[in-house]
Amino acid sequence: MNIIVLLIPIAILLAATFVTAFIWSARKGQYDDLDTPAMRIIFDDETNKSVKGKKS
Amino acid sequence: MSIGLVSSVPQTKICDYCHSAFEAQAEARFCCLACEKLYLFANENDYRNQSLDRAASLQNKYQHFDESALQQSYLIEKNPRQFNLYLEGIQCSSCIHLIEKLPQFDDGVLNAVVNFANSSLKIELKDTANLSKTLAVIEDLGYRPFLLKAGENSDPLRKKENQDFLIRLGVAGACTGNIMLFVVPIYSGLTGTLATVFNWVSLVLFLPILFYSAQPFYKSALNSLRYRSLSIDLPIVIALWSGFLLSLYNLIQNRPEIYFDSTAGFLFLILCSRYVLRKIQNDFLSQPNLQEILKDSFADIQNQNKWQKTPIESLKTDDIVRVTHDKTIPADGILLSSKAYIDFSLLTGESVPQLCHQGSKVFAGTKVCSDEITLQVKNTGSQTQIGSLLLMLEQSMYQKTPFATLTDRLAQVLIITVFTISAVFFVLYFQISPHEALNRALALIVLACPCALAFGTPLAQGLAMKNAKRLGIIIKSPATFEKILRIENIFFDKTGTLTEGDLQLEQTFPAQLTDELKSIILGLEAQSHHPVAKGVRKAWSHLTPAPILNRIEKSGIGVSGYHQGHFYELKATSIPQNRGLLQVECLKDSFRVGYIYFADKLREEAPELIRQLQRKYKNLIILSGDQPGTVRDIGSQCGILPDLTFSSLRAEDKARLVHQYPRSLMIGDGANDSLALSSVDVGVAVQGSVELSLCHSDVYFTRSGLKPLMQLIQISEQAQRTIQRNIAISLLYNSIGGSLALLGFVSPWLAAVLMPLSTGLLVISSFWGARGVR
């Protein structure tokens, strides 16, 4: 059972790593706008170019 | 299924551009305006050039933003110049796609990024580019741009705040989750040294929550103490600290009653629901100031028979000022020119320019539509009508009393009750067992804390606001829901609210114009943005415009041009006595060949809506700046008695009338409504409102028409029902938990079970209560 002495710090360290990663991503602004990127991805410019190319 | 349907019946179609299915008439090819524009831009080469021409004609309107002094207050980043805009009309992913292609349409734009959630757009401009041109291009794409002031509303302060809140939430979540992991073995029967170690680890994990995540609560609890108004945050803070101190005391005493997990859990959940609400709450337009409304910082003053440029601030009474075509009048004054067409839309919301004769009053902020006018200054700065309106608006903002919501009032009662009970209990039980007395009294405070209340209300409000937003209703503050339910009187503005605000072709003289003449008229109006042009295009959409040479448009007066060697003119004249009809005369080589009459029609849904509302509310009242005849006419058309229609009102009159009826809602759009909008309990601005009233309303409709009003009432009722149900659930939970605590039955284990149970119930109840409104 003594292994638990080692496991507890590891568990907490792991949690701390993830929290740090989260803080980093939040500060980078990854959560600032959650709605627009989801819609932006629907249209990619490639298809538009092909439409343009066909007609002109 | 759609085979055999008549063409006018709506049917399911596939959009030519985005390939999504939509319901529409048979002729429709696109699901929305954005798709149509995108398709045209991609497939028709001329379309882009035409669009640039149209934009050039709109550019005048935004010219004042090119002045560097005014631009400074909007700049968020200097190199390259960055601006934030609020765009009216963003609805779907195609809109985002269209707007983010802005650099292709306007070569002055380096980058354009849309934020869909708050309908805002961030643009980066080249050094050489004109902001006015970009704004005009955006308007031509079909969105009405409003510049947002730097710092106040949006970036970067707001962004930082949101990020901070999210990080607090994340930290609380991580710590809570880990505390729960360490507590599980203890609940499963772990005892001895290891259990003590686990409890100490929980304590360590609890500290970030206590000192970092809970900070916003401390701030607002302190504020509520300072201003002696109890808010829900104060009991939260007390419960949090009681839970912490009790657990710490028991941990040191080596006793089993340790509540780190449940206390951390409730704080995390409250933070979650606050975050939901925060995310949905919209960024709103900042208050405009006088400078922006007057638009130009210099005026032409007559000085010893010469014209001299003078700063507007130094204008004095009796100065003679010259104002050229399409410029804004800098001060209130008397017209010296023999006649002039003036666009009063800022003050009245009326889109048709009015004819003014020599000696009549003209007002600051209105726009000159005829060639050039001279006027004698009477009032300047804050003495002008618009200046004093702004001043009064500012004052009314401060005078508005803060509204105590049901939740806040309940929290007040609850906290007093809980504290009294626990104090009485502590005193009585002290003789039996001092230790147990403290233990149970603190447990009562932790368990009976209105945590469910603090969690359920914002969640219900947030979901309702999200629902409302989907229907095109933007609500500034969650307290609005409760205010709407207390409404007894509803005030309507006439122009643009009860009526369409657009001109519709009513009749022509002679009754049948030839198709040739119609298509010439269409050709003349083809590129115009004037309401008349829109009305003509709508009425004769089946005809193709005739080619016109040398087309000249003079805003407010009309258009002219040559077709097959003949000179044609269209001139608008307003005849106010005649039921608000607008007369447009058509001249061929200076001979009258016909008249067209336009009227601002009552909205189709208005009579039915008013009938429904009349059953529910005491008084429905029309307020208008228009002529008595027109107003009474509109009133009788929608069933409002003449003694409840008020006409020829100025902004102050509207506000005064509104004050006579407490508990009222006002719906309007013009600048003359803004003062009334800010003084009623709930001010609603409809789509197409002027900036001034947008800024001073509580609710804003992004869809046209009055239908959103009914939906707003429905949503508010639904939200309030949900909130009440949530309150009932949480009170039940609080009283059960509280009595168990007093009886000494509460173990940490029971608390850990009770809390998610009540939360789960509240989440279910909130989502059930936020089912869609139609």
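Residues are described as buried when their relative accessible area is under 20%, as exposed when it is over 50%, and as partly exposed in between. These classes are applied below to a predicted model of a complex, to which the predictor assigns an ipTM of 0.81 and a pTM of 0.74.

Confidence was examined for each chain in turn. Chain A has an average pLDDT of 76, and 73% of its residues score at least 70. Within this chain the highest confidence is found in α1(A), at 91, and the lowest in α3(A), at a mean of 43. Residues 46-56 of chain A have a pLDDT below 50, and this stretch has eight contacts in the model beyond near neighbours in sequence. For chain B the average pLDDT is 80, with 90% of the residues scoring at least 70. Helix α8 (residues 193-213) of chain B has the highest confidence in that chain, at 92, whereas helix α12 (residues 290-294) of chain B has the lowest, at a mean of 61. At the start of chain B, residues 1-8 stay under 50 in pLDDT, and the model has seven contacts for them beyond four places in sequence. Where pLDDT is low, the predicted coordinates should not be read in detail.

Chain A contains three helices and zero strands, and its elements follow the order α-α-α from the N terminus on. Of its 56 residues, 14% count as buried.

The contact between the two chains draws on 26 residues from chain A and 32 residues from chain B. Together the chains bury about 2,600 Å², of which 65% lies on carbon and sulfur atoms. Four residue pairs are in polar contact between chain A and chain B, both residues of each pair being at pLDDT 80 or more. On the side of chain A that touches chain B, two or more residues are given by each of α1 (3-27), α2 (36-40) and α3 (45-55) of chain A. The largest share of this side, nine residues, comes from α1(A). By residue class, the side of chain A that touches chain B comprises 15 nonpolar, three polar and eight charged residues.

One salt bridge is found across the interface of chain A and chain B. This salt bridge pairs the side chains of Arg27(A) and Asp164(B), with an N to O distance of 2.6 Å. Asp164(B) also meets the side chain of Lys160(B) in a salt bridge, at 3.3 Å from N to O. Lys160(B) and Asp164(B) both belong to helix α7 (residues 157-187) of chain B, where they lie four residues apart, about one turn of the helix. The two residues fall into separate accessibility classes: Asp164(B), with a relative accessibility of 17%, counts as buried because this value is under 20%, whereas Lys160(B), with a relative accessible area of 45%, is partly exposed because its value lies between 20% and 50%.

Over all chains, the structure holds 17 salt bridges. Side chains of opposite charge can pair when their charged atoms come close. Within helix α22 (residues 606-616) of chain B, Glu608(B) and Arg611(B) are three residues apart, about one turn of the helix, and their side chains meet in a salt bridge at 3.0 Å from N to O. Both partners are partly exposed, Glu608(B) with a relative accessible area of 38% and Arg611(B) at 45% relative accessibility. A further salt bridge joins the side chains of Asp673(B) and Lys654(B), at 2.5 Å from N to O. This pair links distant parts of the chain, since Asp673(B) lies in helix α25 (residues 671-679) of chain B and Lys654(B) in helix α24 (residues 651-660) of chain B, 19 residues apart. Asp673(B) and Lys654(B) are both buried. In addition, Arg255(B), Glu257(B), Glu436(B) and Arg440(B) are joined into one network by salt bridges that share partners.

Burial was also considered for helix α6 (residues 131-141) of chain B. Of its 11 residues, 10 are buried, and the helix is therefore largely enclosed by the rest of the structure. Among the buried residues of α6(B) are the charged Glu139(B) and Asp140(B), as well as Leu131(B), Leu135(B), Val137(B), Ile138(B) and Leu141(B). Gly142(B), just after α6(B), takes a positive phi of about 110 degrees.

Definitions and conventions
Residues numbered from 1 in each chain as written. Chains lettered and ligands numbered in written order. Heavy atoms only, no water. Contact = heavy atoms within 4.5 Å. Buried area = accessible area lost by both parts, 1.4 Å probe. Salt bridge = Lys/Arg side-chain N within 4 Å of Asp/Glu carboxyl O. Polar contact = N/O pair within 3.5 Å; in protein donor to acceptor, adjacent residues only side chain to side chain. pLDDT = per-residue confidence, 0-100. Buried < 20%, exposed > 50% of the residue type's maximum accessible area, 1.4 Å probe, protein only.
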